[in-house]
Amino acid sequence: MGKIELIARGVALRGSHRQQVLLCSPTDGSYAYLPGGHVEFGEDTRAALAREMREETGLEVSVGCLLGVWEAAFVQDGKQRHEVNLMFHMEHAWPDEVPSMEPDIRFRWVDTGESGLSTGLRVYPGWLMDRLDDLQSGRVLHAAEGFPADAG
């Protein structure tokens, strides 16, 4: 039996109208997702996000309120995965180029008005670019992807 992975992710927006969102992607740029990582046993989820950002970018970020929960079931490299992603507001005096401390990932700013199709980039979750306003609304958003129709 598989395990459920708990992931802490950050939503970082910048610009005078908060028109750019920070995304992470493998160095080949084949897809992108919100930055963050696995929560370790006994670790607070906000602390996990701050730790992951420190490890991956070298930046000390301020982690704010919970914005949403995204569940996903998918197959990756032939292995069935089930993630529960907690998405938090994240602040920093963001540089134009967010550094990567890991050789296999990179960070980039993407205009929030662009869909994945217009950038040529697959963004996960697929609804992210269309729902950023909802994430910032003050209501906690819940979305699920990849589950069978009868999963409840």
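This is a stop-by-stop tour of a predicted model, from its sheet to its helices, salt bridges and loops.

**Stop 1: the sheet**

Start by selecting β1, β5, β6, β7 and β10. These 5 strands form an open sheet in the order β5-β1-β7-β6-β10, and the pairing is mixed. Look to the edges next. There stand β5 (36–38) and β10 (141–145), each with a single partner strand, so one side of each has no neighbour in the sheet. From one strand to the next, the twist averages 20°.

Now keep β1 and β7 on screen. Strand β1 (residues 5–11) pairs with β7 in the parallel sense, over 7 bridges. Hide β1 and show β6 instead. β6 and β7 run antiparallel and are joined by 12 bridges. Strands of a sheet pair through backbone hydrogen bonds, either parallel or antiparallel.

**Stop 2: Glu-83 in β7**

Select Glu-83. Which residue of β1 should you show beside it? Glu-5 has Glu-83 as its bridge partner in β7. Add Ala-72 as well, since its bridge partner in β7 is also Glu-83.

Turn to the side chain. Glu-83 meets Arg-81 in a salt bridge, at 3.6 Å from N to O. Are these two residues buried or exposed? Both Glu-83 and Arg-81 are buried.

**Stop 3: the β6–β7 hairpin**

Follow β7 back to its start. The loop between β6 (62–76) and β7 (79–91) holds Asp-77. This hairpin has 2 residues between the strands. Asp-77 is not a glycine, yet its phi is positive, at about 50°. Colour by accessibility and Asp-77 comes up as exposed, with a relative accessible area of 81%. Close by in the selection list, pick Val-75: its bridge partner in β7 is Gln-80.

**Stop 4: helix α1 and its charges**

Select α1, residues 45–57. The helix lies across β1, β5, β6 and β7, and runs at about 115° to β5.

Show the side chains of Arg-51 and Glu-55. They form a salt bridge, with the closest N and O atoms 3.3 Å apart. Both residues lie in α1, 4 residues apart, about one turn of the helix. An α-helix has 3.6 residues a turn, so residues three or four places apart point the same way. The two ends of this pair sit in unlike surroundings: Arg-51 counts as buried at 11% relative accessibility, whereas Glu-55 counts as partly exposed at 41%.

Widen the selection. Glu-40, Glu-43, Arg-51, Glu-52 and Glu-55 are linked in a network of salt bridges. Side chains of opposite charge can pair when their charged atoms come close.

Next, pick Arg-54 and Glu-60. Their side chains meet in a salt bridge of 3.3 Å, N to O. Arg-54 is partly exposed, with a relative accessible area of 36%. Glu-60 counts as exposed, at 51%. In total, the structure holds 10 salt bridges.

**Stop 5: the cis peptide before α3**

Move to Tyr-124 and Pro-125. Which kind of peptide bond joins them? The bond is cis, with omega about -5°. Pro-125 is found in the loop between β9 (122–124) and α3 (128–135).

**Stop 6: the two faces of α3**

Step forward into α3 and look down its axis. Which residues are buried here? Leu-128, Met-129, Leu-132 and Leu-135 are. They fall within an arc of 80° as seen down the axis, so they line one face of the helix. Rotate to the face turned away from that buried side. Here α3 carries the exposed residues Asp-130 and Asp-133.

**Stop 7: a long span**

Finish with Lys-3, in the segment before β1. Lys-3 is exposed, with a relative accessible area of 65%. Add Val-98 and draw a distance between the C-alpha atoms. Lys-3 and Val-98 are 95 residues apart along the chain, and their C-alpha atoms are separated by 32 Å.

How values were computed
Residues numbered from 1 in each chain as written. Predicted model: local features only at pLDDT ≥ 70, side-chain atom pairs only at ≥ 80, totals over all residues. Heavy atoms only, no water. Buried < 20%, exposed > 50% of the residue type's maximum accessible area, 1.4 Å probe, protein only. Salt bridge = Lys/Arg side-chain N within 4 Å of Asp/Glu carboxyl O. Arc of directions from axis to C-beta. Pairing = 2+ DSSP bridges. Axes fitted to C-alpha atoms, helices over the stretch in contact; angles between N-to-C directions. Contact = heavy atoms within 4.5 Å.
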